[in-house]
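This briefing looks at how side chains come together in a predicted model. The topics are the nonpolar core and the salt bridges, taken in that order.

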Amino acid sequence: MMIKGLHHNAYRCRNSEETRKFYEDFLGLPLAHALSISETKTGRKTEVLHTFYEMDDGSFLAFFEAPDREFEFKDQHDFDLHIALEVDMDSLHAMFEKGKKLGMETRGISDHHTIHSIYFRDPNGYVIELTAKIPEKTPDHETAAAEAHKMLREWNDAHLVS
C-alpha cells in the first residue's frame, strides 16, 4: 500500500459559522464541502455538521460541529496540538500584519532554521501555525531523513528508561 497524501484532518468545532469566518474569511481557505450527518453508521441518531476547507494541494481541513456530543474545548499549547499550514514568505508577512491589524493573538515571526513561522489561535482554541520555507536552508529529503533518524536515535539513547 502506498499512501498518496492527506485527504483531510478533522477536528471538533464549537460553532461552524465562527469556524468558517476564521478559516475562509481570515485565512482564505474556501469552504468547499459540507455534510449534514443525522445517523451514524451504527444507527444512532445524531445531528452533526461536517465542513471542509480546501487547500491549494487539494487536501482539506475539516471540522465537526456536534452539539449533542460532549467535548472539552480548551486552548491548546503548541507542543500538545497545532495545525501547521505552508505559505510563501510574502504571505507569511502579510498574514502577520493582518492578524496584528485585526487585534488577533498573533505570535512570531519565529526562526526555526529551515522555516519561519507565525501563530494564531482559531475560535476553537487550536493553534494555527503558518510556515514559510527558507529554500537555501532547507536540506534535500534524503539528508533531512538521515538527520531525523540520527536525532531520534540520540534522543532515545539519552531518554532510555531502564
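In this predicted model, the largest nonpolar core has 22 residues, and those with the most contacts inside it are Y23, L27, L61, L85, I128 and L130. At least two residues of this core come from each of helix 1, strand 4 (60–65), strand 5 (82–86), helix 2 (89–101), strand 7 (115–121) and strand 8 (127–133). In soluble globular proteins, nonpolar side chains tend to be buried together.

**Nonpolar core**

- L61 is one of the core residues with the most contacts inside the core, and, leaving aside residues up to four places away in sequence, L61 touches N9, Y11, Y23, L29, T51, F52, Y53, M55, I83 and L85.
- Among these neighbours of L61 are Y23 and L85, and both Y23 and L85 are also listed with the residues that have the most contacts inside the core.

**Salt bridges in helix 1**

- Across the whole structure, a search finds nine salt bridges, and two of the bridges described here involve R20, which pairs with E17 and with E24.
- The side chains of R20 and E17 meet with an N to O distance of 2.8 Å, and both residues lie in helix 1 (residues 16–26), where three residues, or about one turn of the helix, set them apart.
- For the pair R20 and E24, the closest N and O atoms are 2.9 Å apart; because these two residues are four residues apart in helix 1, about one helical turn separates them.
- R20 has a relative accessibility of 16%, so it counts as buried, the limit being under 20%.
- The two partners of R20 are partly exposed, E17 having a relative accessible area of 39% and E24 one of 27%.

**A further salt bridge and a shared network**

- E105 and R107 also form a salt bridge, in which the closest N and O atoms lie 3.5 Å apart.
- Both ends of this bridge are partly exposed, with a relative accessible area of 41% for E105 and of 31% for R107.
- Elsewhere, E17, R20, E24 and D25 are joined into one network by salt bridges that share partners.

How values were computed: Residues are numbered from 1 along each chain as its sequence is written. This is a predicted model: local features need pLDDT of at least 70, side-chain atom pairs count only at pLDDT 80 or more; totals for chains, interfaces and linings use all residues. Side-chain values use heavy atoms; hydrogens and water are left out. A salt bridge is a side-chain nitrogen of Lys or Arg within 4 Å of a carboxyl oxygen of Asp or Glu. Buried means under 20% relative accessible area, exposed over 50%, partly exposed in between (1.4 Å probe, protein chains only). A nonpolar core is a set of buried Ala, Val, Leu, Ile, Met, Phe, Trp, Tyr and Cys residues joined through side-chain atoms within 4.5 Å. Contact means heavy atoms within 4.5 Å.
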